[in-house]
Amino acid sequence: MKTSIATVSVSGDFQEKLTAIANAGFDGIEIFEQDFITFDGAPRDVGRLVADHGLTIDLFQPVRDFEGLDGAARTKAFDRIERKFDLMSELGTDLLLISSSTHAQATGGVDRLADDFNELGARAAKRGLRVGYEARAWGKYVRDHRDAWDIVRRADHASVGLILDSFHTLAAKVDPDTIRDIPGDKIFHVQLSDAPHIDMGLEYLSRHFRNMPGEGDLDIVSFLRAVMATGYAGPLSLEILNDQFRGGSARVIAADGHRSLVKLMDDLRRIEPDLDLDLPAMPAPVDVRGVEFVEFAANEKEAGTLGKMLHTLGFSRSGQHIHKAVSLWTQGDINIVINTEQEGFAHSAYVMHGTCVCDVGLNVADAQAAKARAQALGANLFSQRLGEGELNIPAVRGVGGSVLHLLDKSSNLAQVWDQEFTQMVDKDAKPVGLTRIDHFAETMKHDEMLTWTLFYTSIFNLERTPQVDVADPGGVVHSRAIQSPDGTFRLTMNGVESHRTFAGRFVADSFGSSVQHIAMETDDIFATAKALANNGFESLPMFENYYGELAARADVDANTLAEMHAHNILYDEDEHGAFLQMYSKSYGEGFFFEIVQRVGGYDGYGAVNASARTAALKRLSRPAGMPRT
């Protein structure tokens, strides 16, 4: 299936847009009139430039306020479009988008509007051109595709067809199955975009908050199923109007757009296997079954400090790499790796970010399938030179230049700890009952959240939760969880806009490092807290007022509340169960550990406690403006 994107969707000047679009793998573009107007060259130069990038111009847009006018206004409207036809012939495109009118002088009437399009179709046909009519959800008389189709049908001209836009159908809550009654050859072009569920006017939502399919809340798959049922065989194009994208990276936006289209078509192919979508084969989204390891990059001195902290957390130094300065620390099913190599990827991560999490190993159902799907969706694969006896573990680049290694239990990758590490006995280790990694948190700039949400949910079988805003003394942090359907894998993503927040300072001070905290699960947080205290672990002190508020909002008995207070344990509950959590003090440039206990079917992350946690961490952090020592 041919893929296309409107130039208005991508940031930069026209040359930058074309380069990004072509490099992302698109076949064509919709040329937005403003991009043509601001280009320093003749229309023929624009056409040649597009062709030189290996692209076609599938659509010229937009024309608004054409139909339903009288007298001189009607004559002017036709003359205006004749000039567009002149441009199209020079540009080398044959299709013009006309969106439904909001003109104050326009009048309604289906037959009246159809007559306008019949005449316009005749004019277009003389030039070998076509016009497509699109219903805007806020149009004066034509607001959804059913009305637009009625006009196109009555216009009854081969050069007049319909343009469908998923936003105008789905955001206006029009049943997409009504598309199935339209002949596929009368649908000239299909535009796709997603959007979040926000209670605001559709026009404002459309112009400022559209996003890529799969990044919002609209049922794009149902829309596309209905379109394909008509026999439509034209381009699938993205038209994304988003303030955030306009200031972003053209390369990233275009790559996200192409990934979203490929993922969307793959989703459709799995639902409708008989469809011919001309899409390369790829594995289905891969199940993630947990975190296999977390790897820190450090120098020897900081590795010693981190090792002491792991000892207080009950970890045992249980292995040493057969070739490298890499140690393995374990407790329960948790594997933490500390890498102090002086060359290779981990060392470059340390030079860039300081002590940081440089690598996370995901336990997936099929590592090779995950790699193949990631590659098909345009992810950047990662590899480095292997030493003797080392396993070739598939990997992709992640947030902040970090790495995600992909392991499974059904291949030789399951032998990594036995094959690559010499086993050790740590007589000083005193386990505290930590069993597994419950989740880890990646911190990033807010405008990166959509990109990485799409990355995870397109490659893996993961679900996203609604975004929540966490109050910080220095601003707001936007947070969203991504998790497997059964909860065996969980990841929280925190987007920052200000360096004044605790999370924002972490991004600034670590020069874009990603993982800011790791949450580890226990079956009994009170027993774990006592064992941690005996190990010399210092928990993050909580505010006295927090426990007064907790007593008012939750049914916790006085003795339990006192024990929570003594160990700085926080509490949340919902209709399914309860959640208890405690934190370490921050380490390095703002990294910290979390210990959690889930009771019953609680599926959240203690959002009600986030403001108290960030304030407590910030209270102990280096004052703003004080240099690092």
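**Notebook: pockets, cavities and salt bridges**

I began with the second largest pocket, which has 31 lining residues; K324, Q384, E390, H405 and E420 are those nearest its centre. The model I am reading is a predicted one. I noted a volume of about 670 Å³ for this second largest pocket. I then asked which elements each supply at least two residues of its lining. They are β9 (288-297), β12 (334-339), α13 (345-353), β13 (356-364), β15 (403-407) and α15 (416-420). Of the elements, α15 gives the most, with three residues. By class I recorded 15 nonpolar, eight polar and eight charged residues in this lining.

**Entry: the largest pocket**

I turned next to the largest pocket, which holds about 1,100 Å³ of space. Its lining comprises 50 residues, and R251, V252, A255, D256 and T451 lie nearest the centre. Which element supplies the largest share of this lining? I found that α11 does, with ten residues. Helix α11 spans residues 250-271, and the other elements that each supply at least two residues are α1 (14-24), α10 (243-246), β17 (434-445), α16 (449-459) and α17. The lining divides into 25 nonpolar, 16 polar and nine charged residues.

**Entry: helix α17**

Since α17 contributes to the lining of the largest pocket, I looked up its burial. Seven of the eight residues of this helix (residues 502-509) are buried, so α17 is largely enclosed by the rest of the structure. The buried residues are F502, A503, G504, R505, F506, V507 and D509. Just after the helix, I noted that F511 takes a positive phi of about 55 degrees.

**Entry: cavities**

How many cavities of 30 Å³ or more are there? I counted five. The largest contains about 80 Å³ of space. It is lined by 14 residues, of which T355, C356, F506, E589 and F591 are closest to its centre. F506 is thus listed here and also among the buried residues of α17. By class, I recorded seven nonpolar, six polar and one charged residues in the lining of the largest cavity.

The second largest cavity has about 50 Å³ of space. Its lining consists of E134, A135, R143, D144, H145, I163, L164, D165, H168 and T169. Two elements give two or more residues to this lining, namely β6 (160-165) and α7 (166-170). The most comes from β6, with three residues. I noted three nonpolar, three polar and four charged residues in the lining of this second largest cavity.

**Entry: salt bridges**

My search of the whole structure returned 38 salt bridges. I examined three of these pairs individually.

D116 is bridged to R74, with the closest N and O atoms 2.8 Å apart. D116 lies in helix α5 (residues 110-126) and R74 in helix α4 (residues 71-91), so this pair ties together parts that are 42 residues apart in sequence. Is D116 buried or exposed? I recorded D116 as buried, at 2% relative accessible area, whereas R74 counts as partly exposed at 23%. Both residues belong to a network of salt bridges that links R74, E82, D86, D116, E119, R123 and R127.

A second pair, E563 and K530, has its side chains joined in a salt bridge at 3.5 Å, N to O. E563 is in helix α20 (residues 558-567) and K530 in helix α18 (residues 525-534), so the pair ties together parts 33 residues apart in sequence. I found E563 partly exposed at 25% relative accessibility, and K530 partly exposed at 45%.

The third pair is D150 and R154, whose side chains meet at 3.2 Å, N to O. Both lie in helix α6 (residues 145-155), four residues apart, about one turn of the helix. R154 counts as partly exposed at 39% relative accessibility.

**Entry: surface patch and two distances**

On the surface I located a nonpolar patch formed by I198, Y204 and F209, with about 270 Å² of accessible area together. Y204 sits in helix α8 (residues 202-208) and is partly exposed, with 48% relative accessible area.

I also looked up V476, which lies in strand β20 (residues 475-483) and is partly exposed at 38%. V476 and G495 are separated by 19 residues in sequence and by 9.0 Å in space, C-alpha to C-alpha. Finally, E521 in strand β22 (residues 515-522) is buried at 13% relative accessible area. E521 and V351 are 170 residues apart in sequence and 31 Å apart in space, C-alpha to C-alpha.

Definitions and conventions: Residues are numbered from 1 along each chain as its sequence is written. This is a predicted model: local features need pLDDT of at least 70, side-chain atom pairs count only at pLDDT 80 or more; totals for chains, interfaces and linings use all residues. Side-chain values use heavy atoms; hydrogens and water are left out. On a 1 Å grid over the protein atoms alone, a cavity is a set of points where a 1.4 Å probe fits but cannot get out, and a pocket is an open set with protein on both sides within 12 Å along at least five of seven lines; lining residues have an atom within 4 Å of a point. Grid points are joined across faces, edges and corners, and a volume is the space filled by probe spheres set on the points. Ala, Val, Leu, Ile, Met, Phe, Trp, Tyr, Cys and Pro count as nonpolar, Asp, Glu, Lys and Arg as charged, and the others, Gly among them, as polar. Patches are made of residues with over 30% relative accessible area and no salt bridge: like charges are joined within 9 Å, nonpolar side chains (Val, Leu, Ile, Met, Phe, Trp, Tyr) within 5 Å. Accessible areas come from the Shrake-Rupley method with a 1.4 Å probe; for residues, only the protein chains shown count as cover. A salt bridge is a side-chain nitrogen of Lys or Arg within 4 Å of a carboxyl oxygen of Asp or Glu. Buried means under 20% relative accessible area, exposed over 50%, partly exposed in between (1.4 Å probe, protein chains only).
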